[in-house]
Amino acid sequence: MSDWKEVYSEILSSYVGRYKEARENSQLRNEILAEVKSEILKHEPEDSVGFPPHLRVAIQRVFLPHLDLEDQDDEIAIIQHILAVTRKSWAESCEGEDSREEKAHPTKAGHYKKAFMAFTAVQRIFKEEMDAYDKERRDTKDPKTIGQRNRIIQQWWESVSDERKAEDGRAVEKWNKLGAPKETHDLYRGKNLPNMARDLIETMHRTMGSHVVMFIAHEAGEGQIKMAVFETAPADGKKAFTQSLESSKGQVLNGENSLTDYLLTAPVEDDSAEKHEVEISLDEDGNPEMPTWVGQKLKVQQNLARAVFQAAYGGS
């Protein structure tokens, strides 16, 4: 069980002398006690343990009648917020993994500049739950507490269940594999492609002494490919490789044509399943039984149909 205590002896010791000296001055003593209280409230516990939401609400309701009316209003608002977040979290847990992933799915190309990690993705998928955890542990309206957010979010991440972390992992794999939505490519490419390409080339030259010739291609309409070539800036007195000789110009042109043909050629499907010998079983009367082809590729379906006809008519 967690040890829910915090020692403030250091703070209290610093006020003992002043408090004793004010033995005959009750007003001064009250002011000193107010200072002590203020210092303790400013003190951030090192390893605080938050109450479960429903336990916290139950405790708040017990002490609610004993508060001042103004404080009661504030406390009622907090209780309502906790209950609303809890209900919403429960509803979201019932809506299904696919729905949560769809809502959180990043839609801007810039979101994909770096590959998603589990910790960054989970903050999108379970954002409201994370924000509620943060709000319960600090005054989010006070800008002075913003420095505590990273530590609190890290604590929340450590408390996330293995089941949700597995869900988060599936989303990460999907987002990184699919990348940014296709409709965002043109705008992002137009703004960033030249600078990103040059930055990469210059980095490789500075760090590895490499001379880089880079072919970059992308779709530009139905059946069309647009090409760009980038190269390390040549040394003084030298032409760029792509412009230096007729042979190098030809190599660049051949490279562009080869890359275009490669991108426009449909991928070759693995035909190992298609070449697999199909066996057709016969019923008691010797008639071929129709095999299932649900979920099979078109080529496999064609092979199955051919095998059925061969079995029925004894052909080969």
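Select T260 to begin: in this predicted model, the residue is partly exposed, because its relative accessible area of 21% does not fall under the 20% that marks a buried residue. T260 has its place in helix α12, and if you display what surrounds this residue, leaving aside the neighbours within four places in sequence, you will find T260 in contact with I225 and M227. Add H218 to the selection as well, since the C-alpha atoms of T260 and H218 are separated by 9.1 Å although the two residues are 42 residues apart along the chain.

Keep H218 selected and turn next to the second largest pocket, where H218 is among the residues that lie nearest the centre, together with H185, R189, A217 and E219. The volume of this pocket is about 780 Å³, and 25 residues line the second largest pocket. To see which parts of the fold contribute, colour α10 (185-208), β1 (213-219), β2 (225-231) and α12 (246-264), the elements that each give two or more residues to the lining. Which of the elements supplies the largest share of that lining? Helix α10 does, with eight residues. If you then recolour the lining of the second largest pocket by residue class, you should find 11 nonpolar, seven polar and seven charged residues.

Move now to helix α5, residues 97-104, and select R100, E101 and A104, which are buried. Look down the helix axis: these residues cover an arc of only 95° around it, which puts them on the same side of α5. Then rotate to the face of α5 turned away from that buried side, where the exposed residues D98, E102 and K103 are carried.

Finally, zoom out until the whole protein chain is in view and switch to a cartoon display, in which the secondary structure comes to 14 helices and two strands. Colouring by burial gives a chain-wide setting for the α5 selection, for of the 316 residues of the protein chain 21% count as buried. With a surface shown, the protein chain exposes about 23500 Å², of which carbon and sulfur atoms supply 53%. A contact map would complete the tour: among the contacts in the protein chain with a separation of 6 or more, 50% are accounted for by residues 24 or more positions apart.

Key
Residues numbered from 1 in each chain as written. Predicted model: local features only at pLDDT ≥ 70, side-chain atom pairs only at ≥ 80, totals over all residues. Heavy atoms only, no water. Helix = DSSP H or I, 4+ residues; strand = E, 2+ residues; numbered from the N terminus. Buried < 20%, exposed > 50% of the residue type's maximum accessible area, 1.4 Å probe, protein only. Contact = heavy atoms within 4.5 Å. Areas by Shrake-Rupley, 256 points an atom, 1.4 Å probe, with all protein chains shown as cover. 1 Å grid on protein atoms, 1.4 Å probe; cavity = no way out; pocket = protein on both sides within 12 Å on 5 of 7 lines; lining within 4 Å. Points joined across faces, edges and corners; volume = space filled by probe spheres on them. Nonpolar A, V, L, I, M, F, W, Y, C, P; charged D, E, K, R; others polar. Arc of directions from axis to C-beta.
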